[in-house]
Amino acid sequence: MKTIKNTNFKGKKVLVRCDFNVPVKEGRITDDTRIRESLPTIEKLLSDGAAVILMSHLGRPSGTGFEAEFSLAPVAARLGELLGKPVRFTNDVFTEVTVSLSRDLQAGEVLLLENLRFIKGETKGDEAFASYLASLGNVYVNDAFGTAHRAHASTAIIAKFFPDDKYFGFLMAHEISNLEKLLHSAEHPYTAVIGGSKVSSKIDVLKNLSDKVDALLVGGGMAFTFVKAMGGKVGNSLVEEDKLDLAKEILADFGKKGVKLLLPKDSLCANRFDNEAERKVFPTMEIPDGWMGMDIGPEAVAEFEAVLNTSRSVLWNGPLGVFEMPNFSEGTLQIGRCLGKVTENGGYTAVGGGDSVAAVNRLGLAKGLSYVSTGGGAMLEYLEGKTLPGVAAIED
Ligand code: ADP
Ligand code: MG
């Protein structure tokens with residue numbers, strides 16, 4: 001893998017694509033995790049004696065110029081605090097001012113460009129825009145895993161202008177090596193825990209994992225499509241009626257390959273979709289009308305834990321229940337704690353997915369796991385076995 005680790009960038013002007021897509025409310029950053037995660041790469045380049053030009057997007061502006069709510073100005077300020085040095089900021093992307101600020105940037109200095117998505121060419125993967133960005137520096141580093149599944153100007157197209165001077169940053173390298181391990185060299189027994197709302201968003205992940213894991217534990221809303229496909233009664237639980245045949249196919253495929261597939265034996269159910277609803281545990285195959293499965297039940301937790309306790313590698317994607325409601329977060333919490341114990345005992349545990357990572361952070365479980373992915377969509381596509389444009393562009 002071509003990472004920045006073993007190269008010295010003294011005297012270079014390095015363009016770094018970061019993922020500074022942080023939540024901002026009324027001009028204030030509410031979670032700076034993504035900025036802090038970019039520090040190792042930026043600090044390495046600065047300590048080598050490079051001038052560093054940072055590029056990112058934030059949110060989904062319309063692509064027709066400046067929109068205050070999507071400005072990266074708060075990121076420049078916060079990054080300056082974290083680096084302990086001023087971060088220069090361009091109030092635009094595609095003008096002479098940007099060009100001259102980049103040209104005059106000295107070794108050890110940092111410049112952040114304004115939100116690239118203010119220019120339509122960014123998300124269109126426009127070659128002329130990529131070529132303009134490339135002209136600002138002489139080395140390209142991609143450290144934005146969260147957008148690696150997009151073939152945008154700054155994430156993929158730009159790389160062709162640096163055939164011999166393109167690298168992965170530390171964050172990207174970390175993500176790729178963990179995902180490669182999950183796909184190709186995980187120690188066995190290897191268990192996948194897959195939950196979340198819909199089976200339709202996880203089909204390709206399930207298909208790709210069926211050759212790799214020894215056991216699959218299914219929870220969350222998607223379990224009920226499988227349960228119904230097997231002839232169970234799911235009451236008012238979330239079901240994708242048009243995915244019943246597919247669920248049968250997946251069950252058959254796992255069966256044929258001899259992979260153990262467990263559905264939750266029991267479910268904590270509610271009489272309406274509300275934290276304050278009445279609660280009752282039913283066998284998952286026999287949920288009465290008027291009740292919906294909101295979390296895995298205590299027997300399911302115990303059965304899942306027994307499998308996890310003997311696993312050497314675990315991949316977790318998808319909350320096991322409606323974790324946003326405290327009364328239905330217990331299953332997710334228990335399984336997360338169990339993974340903490342697996343890690344303590346020397347096992348390897350990985351979690352990814354936008355909501356899964358939010359759940360793990362909210363429930364205070366992140367520290368106990370081996371690897372928490374920063375990329376939701378990008379991680380899922382990688383696990384589906386797809387080639388990510390942002391990764392391929394550096395590896396080519
Ligand atoms: P990720 O973003 O980690 O890939 P998903 O987007 O697939 O995860 O699913 C997360 C959502 O699934 C959460 O909002 C959670 O409330 C929902 N969910 C989990 N269990 C259930 C359930 N039993 N019924 C309805 N929704 C559920
Ligand atoms: Mg999600």
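## A pairing to start from

In strand S7, Tyr140 is the bridge partner of Leu15. That pair belongs to a longer match: strand S1, residues 13–17, and strand S7, residues 139–142, run parallel and share 4 bridges. Please keep in mind as you look around that this is a predicted model.

## The sheet around S1 and S7

Strands S1 and S7 sit within an open sheet of 6 strands, whose order is S5-S6-S4-S1-S7-S8 and whose pairing is parallel. At its edges you will find strand S5 (87–89) and strand S8 (166–168), each of which pairs on one side only. From one strand to the next, the twist averages 25°.

## Two domains and what lies between them

It helps to step back to the whole chain here. The chain is divided into domain 1, covering 13–172, and domain 2, covering 186–383. Their C-alpha centres are 36 Å apart.

What do the two domains share? In terms of residues, 6 from domain 1 are in contact with 7 from domain 2. Together domain 1 and domain 2 bury about 560 Å², and 64% of that area is on carbon and sulfur atoms. If you go looking for charged pairs across this interface, the count is 0 salt bridges. Polar contacts between domain 1 and domain 2 also come to 0 residue pairs, counting residues where both are at pLDDT 80 or more.

## The second sheet

Now move along to another open sheet of 6 strands, this one in the order S12-S10-S9-S17-S18-S19, again with parallel pairing. Strand S12 (260–262) and strand S19 (371–372) are its edge strands, and each pairs on one side only.

Inside this sheet, strand S9 (residues 190–194) pairs with strand S17 (residues 313–317) in the parallel sense, over 5 bridges. For a residue-level view of that match, find Val193, whose bridge partner in S17 is Trp316. Helix H11, residues 298–309, packs on the sheet and touches S9, S12 and S17 as well as strand S10 (215–218). The direction of H11 makes about 150° with that of S10.

## A salt bridge within a helix

Side chains of opposite charge can pair when their charged atoms come close. In this model the count comes to 17 salt bridges. One of them joins Glu81 to Arg78, with 2.6 Å between the closest N and O atoms.

Where do Glu81 and Arg78 sit relative to one another in helix H3? Helix H3 spans residues 73–83, and because Glu81 and Arg78 are 3 residues apart in H3, about one helical turn separates them.

## Two backbone details worth a look

Two loops carry backbone features you may want to inspect on screen. The peptide bond that leads from His188 to Pro189 is cis, and its omega is near -5°. Pro189 is in the loop between helix H7 (170–185) and S9.

The other detail concerns Glu26, a residue other than glycine with a positive phi, near 50°. You can find Glu26 in the loop between strand S2 (24–25) and strand S3 (28–29).

Definitions and conventions
Residues numbered from 1 in each chain as written. Chains lettered and ligands numbered in written order. Predicted model: local features only at pLDDT ≥ 70, side-chain atom pairs only at ≥ 80, totals over all residues. Heavy atoms only, no water. Pairing = 2+ DSSP bridges. Axes fitted to C-alpha atoms, helices over the stretch in contact; angles between N-to-C directions. Domains from an automatic or database assignment. Contact = heavy atoms within 4.5 Å. Buried area = accessible area lost by both parts, 1.4 Å probe. Salt bridge = Lys/Arg side-chain N within 4 Å of Asp/Glu carboxyl O. Polar contact = N/O pair within 3.5 Å; in protein donor to acceptor, adjacent residues only side chain to side chain.
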